[in-house]
Amino acid sequence: MHKPIPLYSRRSFLRLVTQASIISGCGYALSGLMAETTSAAVPKRIVIADGAISETALAMGIVPLAMADIPGYRAWVQEPAVPDRVINLGARFQPSLERLAQLKPDLILTSSFYANQYASLRDQAPIEKIDIYSSSKTPFSNAVTAARKIGDVTGHPNAADRLVADTAARIEHAARQLSTPKARSVLITSMLSPRHMRVFGQNSLMQDVIAQLPIQNAWTGPTNHWGFATVSIDQVAQYTDAAMIAIEPVPDNVDRAIDHSPILSELPPIKRYGLIRMPPIATFGGLFAAGRFADLLAKSLTQATPENAEATSS
């Protein structure tokens with residue numbers, strides 16, 4: 001048996017937000033003051049090259065001039081929606097640098113994961129690296145700090161305050177909805193095939209949210225830097241009391257397997273609750289994704305019906 005992941009109390013959650021706010025406020029006070037000194041200092045032509053940063057900025061009402069991989073964002077993240085006027089720069093790993101240079105940005109926001117692709121543009125615009133997934137802290141703590149930094153460098157610190165407060169409120173609301181859940185443990189998955197899936201646990205944003213709710217994450221096994229493990233269905237068969245949440249999109253062959261094959265239909269979590277579908281969220285996202293996940297998880301579990309072998313749609 002794997003050692004259980006300790007849950008945080010709601011009080012420690014609020015302390016986490018406060019500490020992250022203080023740390024980020026100290027670390028980025030200078031840039032925040034500079035941004036608020038004069039409207040001329042506020043960047044207007046912002047380019048974003050990371051999905052979690054894009055999601056966070058859009059949730060704060062900051063619409064960039066251009067983003068990388070808008071089609072991927074619309075398929076796998078969806079909310080907050082990207083306005084049609086935002087220019088697509090192409091793949092995050094292979095952006096159109098020539099087009100980007102023609103846009104003459106005055107600020108580029110990215111993460112360390114993609115920073116090398118934009119290093120050649122450092123002479124044209126300042127490049128801010130903002131990391132949510134790192135070994136230094138949990139994703140949620142880093143997401144709070146990231147929102148604060150985005151607010152500071154774009155001249156919108158109050159928008160960051162609102163997003164932090166809204167996320168805390170959404171998680172609190174989900175906790176109240178789940179005070180008497182129909183399933184007390186969950187498996188959060190992204191289905192890859194009828195036999196394989198990603199399952200999210202320690203180091204994931206979803207785990208940080210679940211830790212604030214009166215339920216548990218059934219998966220306490222090892223995960224990678226991004227907070228997931230790629231496993232076979234045999235590895236989750238032991239979790240007979242857990243509800244299995246599948247974040248959409250779900251491959252068509254998974255639906256066929258549930259309908260026509262015992263491979264999935266007889267899997268204990270699916271046999272008991274069905275495969276509970278959750279609309280797309282940014283599984284490697286920021287604060288908005290945390291709040292959205294809390295909302296959707298509470299909705300999914302309040303609708304789940306034990307002993308229901310039919311797939312449940314959220």
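**Exercise 1. Which residue in E7 does Met-191 stand opposite?** Work on the predicted model and follow the strands around E7.

*Solution.*
- Step 1: Start with the two strands. Strand E6 covers residues 185-191 and strand E7 covers residues 196-200. They run antiparallel, and three bridges join them.
- Step 2: Look at how the chain gets from E6 to E7. A hairpin does the job, through four residues.
- Step 3: Now find the partner. Met-191 stands opposite Met-197 in E7.
- Step 4: Check E7 against another strand. E7 also pairs with strand E9 (residues 228-232), again in the antiparallel sense, over five bridges. Here Met-197 has Val-231 of E9 as its bridge partner.
- Step 5: Put it together. Met-197 stands opposite Met-191, and Met-197 is bridged to Val-231 in E9.

**Exercise 2. Work out the strand order of the five-stranded open sheet, and say which strands stand at the edges.**

*Solution.*
- Step 1: Read the order across the sheet: E3-E2-E1-E4-E5, with parallel pairing.
- Step 2: Pick one pair to inspect. Strand E1 (residues 46-48) and strand E2 (residues 66-67) are parallel and share two bridges. Ile-48 has Met-67 in E2 as its bridge partner.
- Step 3: Go to the ends of the order. Strand E3 (87-88) and E5 each have a single partner strand, so one side of each is left without a neighbour in the sheet. Those are your edges.
- Step 4: Add the helices that lie across the sheet. Helix H3 (residues 51-59) lies across E1, E2 and strand E4 (107-110), at about 135° to E1. H6 lies across E1, E4 and E5, and runs at about 175° to E4.

**Exercise 3. Describe how H6 packs with H7, then how H3 packs with H12.**

*Solution.*
- Step 1: Take H6 (residues 139-154) and H7 (residues 157-177). Their axes come within 6 Å and cross at roughly 155°. Angles over 145 degrees count as roughly antiparallel, so H6 is roughly antiparallel to H7.
- Step 2: Give the handedness: this crossing is right-handed.
- Step 3: Name some of the residues in contact. On H6 they include Phe-140, Val-144 and Arg-148, and on H7 they include Leu-163, Val-164 and Ile-171.
- Step 4: Sort the contact by class. You should get eight nonpolar, two polar and three charged residues.
- Step 5: Move on to H3 and H12. Their axes are 7 Å apart and the packing angle is about 80°. That makes H3 roughly perpendicular to H12.
- Step 6: List who meets whom. Glu-55, Thr-56 and Ala-59 in H3 meet Leu-287, Phe-288 and Ala-289 in H12. By class, that is four nonpolar, one polar and one charged.

**Exercise 4. How many aromatic pairs does a search of the whole structure find, and what kind of pair do Tyr-133 and Phe-284 form?**

*Solution.*
- Step 1: Count them up: the search finds seven aromatic pairs.
- Step 2: Decide what to look at. A pair of aromatic rings is described by the distance of the centres and the angle of the planes.
- Step 3: Apply that to Tyr-133 and Phe-284. The centres are 6.4 Å apart and the planes are at 80°. Plane angles over 60 degrees count as edge-to-face, and that is the kind of pair you have here.
- Step 4: Place both rings. Tyr-133 is in the loop between strand E5 (127-129) and H6, while Phe-284 is in the loop between strand E11 (276-278) and helix H12 (287-303). So the pair ties together parts that are 151 residues apart in sequence.

**Exercise 5. Find where the backbone departs from the usual pattern around Gln-78, Pro-80 and Pro-249.**

*Solution.*
- Step 1: Recall the background. Most residues other than glycine have a negative phi, and most peptide bonds are trans.
- Step 2: Check phi. Gln-78 is not a glycine, yet its phi is positive, about 75°.
- Step 3: Check omega. The bond joining Glu-79 and Pro-80 is cis, with omega about -5°. The bond from Glu-248 to Pro-249 is cis too, with omega near 5°.
- Step 4: Locate them. Gln-78 is in the loop between H4 and E3, and Pro-80 is in the loop between helix H4 (70-76) and E3. Pro-249 lies in the loop between strand E10 (243-247) and helix H9 (252-260).

Note on methods. Residues numbered from 1 in each chain as written. Predicted model: local features only at pLDDT ≥ 70, side-chain atom pairs only at ≥ 80, totals over all residues. Heavy atoms only, no water. Axes fitted to C-alpha atoms, helices over the stretch in contact; angles between N-to-C directions. Parallel < 35°, antiparallel > 145°, perpendicular 65-115°, else oblique. Left-handed = near helix turned anticlockwise from the far one by under 90°. Contact = heavy atoms within 4.5 Å. Nonpolar A, V, L, I, M, F, W, Y, C, P; charged D, E, K, R; others polar. Pairing = 2+ DSSP bridges. Phe/Tyr/Trp six-rings, centres within 6.5 Å; stacked < 30°, edge-to-face > 60°.
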